[in-house]
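Here's an informal walk through one protein model. Have a look at the structure, then read on.

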Amino acid sequence: MTTLFRYPVFPHLQDPCDPLTLSPGRSVMAEPDYLEGDCDELIKPKKLINPVKNSRNHQDLHRELLMNQKRGLAPQNKPELQKVLEKRKREQVLKAQKEEQEAHKKRSDLEIELMKRQQKLEQLELEQQKIEEEQENTPEFVKMKSNLRRTKQETEGEERTT
């Protein structure tokens, strides 16, 4: 039924999507099921009008954008995402430069010792704050019980010494 050639023997069984088998006048798009002079009673579809595209402002803006694109001028307003990404990149570069400057700037032995002392003092302050918070958060009866124990131990210690 088929030959060794590219085109099949039966032309009505051709693949409609194959560009080699399409005739020059045919397209891949579906054709309407009615012909132009077939029925005058049918309502033929009309293309809808887009009011935005027909407006004078839109046409002027579109024309200006096309001219700017041809000249190589980009619009001044960048998308918000692009602005944020550029800002982050700039901040990262500045931070990296600052870190490099700090690394290059060598600290003296005195500065290192002062920093160590400052860190120790901060740690002591944090520990004291934690202890105070724990004391504030403990219930009143536990505080009273510990006070009673302390006074009892103090009185027992005084009795033993006398």
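What follows covers the overall fold, one helix with its charge pair, and a charged patch.

This is a predicted model, where local features need pLDDT of at least 70, side-chain atom pairs count only at pLDDT 80 or more, and totals for chains, interfaces and linings use all residues. Residues are numbered from 1 along each chain as its sequence is written, and side-chain values use heavy atoms, with hydrogens and water left out.

The protein chain has five helices and zero strands, taking helices as DSSP runs of H or I with at least four residues and strands as E runs with at least two, numbered from the N terminus. In sequence order, that reads α-α-α-α-α. Of the 162 residues, just 2% are buried, meaning under 20% relative accessible area (exposed is over 50%, partly exposed in between; 1.4 Å probe, protein chains only). The chain's accessible surface is about 17000 Å², with 55% of that belonging to carbon and sulfur atoms; areas come from the Shrake-Rupley method with a 1.4 Å probe.

Now for helix α2. Its 16 residues reach 23 Å from first C-alpha to last, close to the 22 Å expected at 1.5 Å a residue (1.5 Å times one less than the number of residues). After α2 comes G72, with a positive phi near 95 degrees.

How many salt bridges does a search of the whole structure find? One, where a salt bridge is a side-chain nitrogen of Lys or Arg within 4 Å of a carboxyl oxygen of Asp or Glu. The partners are D60 and R63, with their closest N and O atoms 3.0 Å apart. Because they sit three residues apart in helix α2 (residues 56-71), D60 and R63 are separated by about one helical turn.

| Residue | Relative accessible area | Class |
|---|---|---|
| D60 | 32% | partly exposed |
| R63 | 44% | partly exposed |
| E133 | 46% | partly exposed |

E133 is found in helix α4 (residues 109-137). Together with E132, E134 and E136, E133 forms a negative surface patch.

Methods: Patch = residues over 30% accessible without salt bridge, like charges linked within 9 Å, V, L, I, M, F, W, Y side chains within 5 Å. Lys, Arg positive; Asp, Glu negative; His and termini not counted. Charge placed at Lys NZ, Arg CZ, Asp CG, Glu CD.
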